[in-house]
Amino acid sequence: MKHIVILSGAGMSAESGINTFRDADGLWEGHDVMEVASPEGFLKNPDLVYDFYNQRRKQLLEVHPNEGHLLLAALEQEYQISIITQNVDDLHERAGSTNVLHLHGELRKARSTKNENYVIGWDEDLTQVNLDPNGHPLRPHIVWFGEAVPMLDEAVNIVTKADLVLIIGTSLQVYPAASLYQFAPNNIPVFYIDPKPAAGIPSNIHLITKGASDGLKEFKEQLKSLEF
Ligand code: APR
């Protein structure tokens, strides 16, 4: 089976009703991103940060995978699919995708502030009173700006084994995630679905300037006649 590697970003979940980060004046749900998505922001105002992710988690439990997520899950019938997502939602999994790596963490998990390897499932509100077994506070299991990306090596390894790479719904502004496609083997097809694709991407990338669902329908059509 040919191996397709999907690199998804916030645009993948836009049609499910989850706002992207950079489509709204640099604010994320009304907040300066550094206030709610950096270790400094968490130190300065932990309650704000807990509350912010509590709201995001609640919202996630109310929304559903969109047609794009479902189309991707269906691709597993014909191809080996690896999804590497920057998204912290679980909509790929809920659509039925079985092989999903979360580069930037997961909303429905919490982790110890002292031991990054202590990670547990968490669907309730999280506050400073929730502790790990050693008495250290838990925090959202999210990779914030300035923090290492623990899953990066694994992600690079997956991309090096791709027969085709498909980028969906990311502004390609945040590194190292934005550089992942560059680890693909030379000369394999690379597609990019986004209604407003990032400027300056290499000319050999096949652009599909559409939203995720319509773009995936077009991608599937093109796939039929593609030799790779
Ligand atoms: N379908 C596909 N793409 C869409 C849609 C849609 N319906 N609507 C918007 N987009 C595109 C936008 O054109 C934009 O290029 O989704 C992209 C979203 O870009 P960002 O908001 O920058 O999201 P992303 O690239 O995933 O951000 C990366 O930044 O804040 C951090 O850690 C956070 O993982 C996140 C990272």
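This note goes through the empty spaces and the ligand site of a predicted model.

1. Two cavities of 30 Å³ or more turn up when the whole structure is searched. The largest has a volume of about 180 Å³, and the second largest has a volume of about 70 Å³.

2. The largest cavity is lined by 14 residues, of which Ile18, Phe21, Trp28, Val88 and Asp89 are the closest to its centre. Helix 4 (residues 46-62) supplies the largest share of this lining, namely three residues. Sorted by class, the lining of the largest cavity holds seven nonpolar, four polar and three charged residues.

3. The second largest cavity has a lining of nine nonpolar and three polar residues, with no charged residues. Among the residues that line this second cavity are Leu7, Ile84, Gln86, Leu103, Thr170 and Tyr181.

4. The ligand occupies the space of the largest pocket, and 21 residues surround the ligand, the closest being Phe21, Arg22, Thr170, Ser171 and Asp194. This shell is made up of seven nonpolar, nine polar and five charged residues.

5. Oxygen atoms of the ligand also have polar partners in the protein: a backbone N or O atom of Phe21 lies 2.7 Å from one such oxygen atom, and a backbone N or O atom of Gln86 lies 3.2 Å from an oxygen atom of the ligand. For His104, by contrast, a polar side-chain atom is involved, and that atom lies 2.8 Å from an oxygen atom of the ligand. Taken alone, the ligand exposes 740 Å², and the protein buries 92% of that.

Methods: Residues numbered from 1 in each chain as written. Predicted model: local features only at pLDDT ≥ 70, side-chain atom pairs only at ≥ 80, totals over all residues. Heavy atoms only, no water. 1 Å grid on protein atoms, 1.4 Å probe; cavity = no way out; pocket = protein on both sides within 12 Å on 5 of 7 lines; lining within 4 Å. Points joined across faces, edges and corners; volume = space filled by probe spheres on them. Helix = DSSP H or I, 4+ residues; strand = E, 2+ residues; numbered from the N terminus. Nonpolar A, V, L, I, M, F, W, Y, C, P; charged D, E, K, R; others polar. Near = heavy atom within 4 Å. Polar contact = N/O pair within 3.5 Å; in protein donor to acceptor, adjacent residues only side chain to side chain. Areas by Shrake-Rupley, 256 points an atom, 1.4 Å probe, with all protein chains shown as cover. Sits in = over half its atoms within 2 Å of the grid points.
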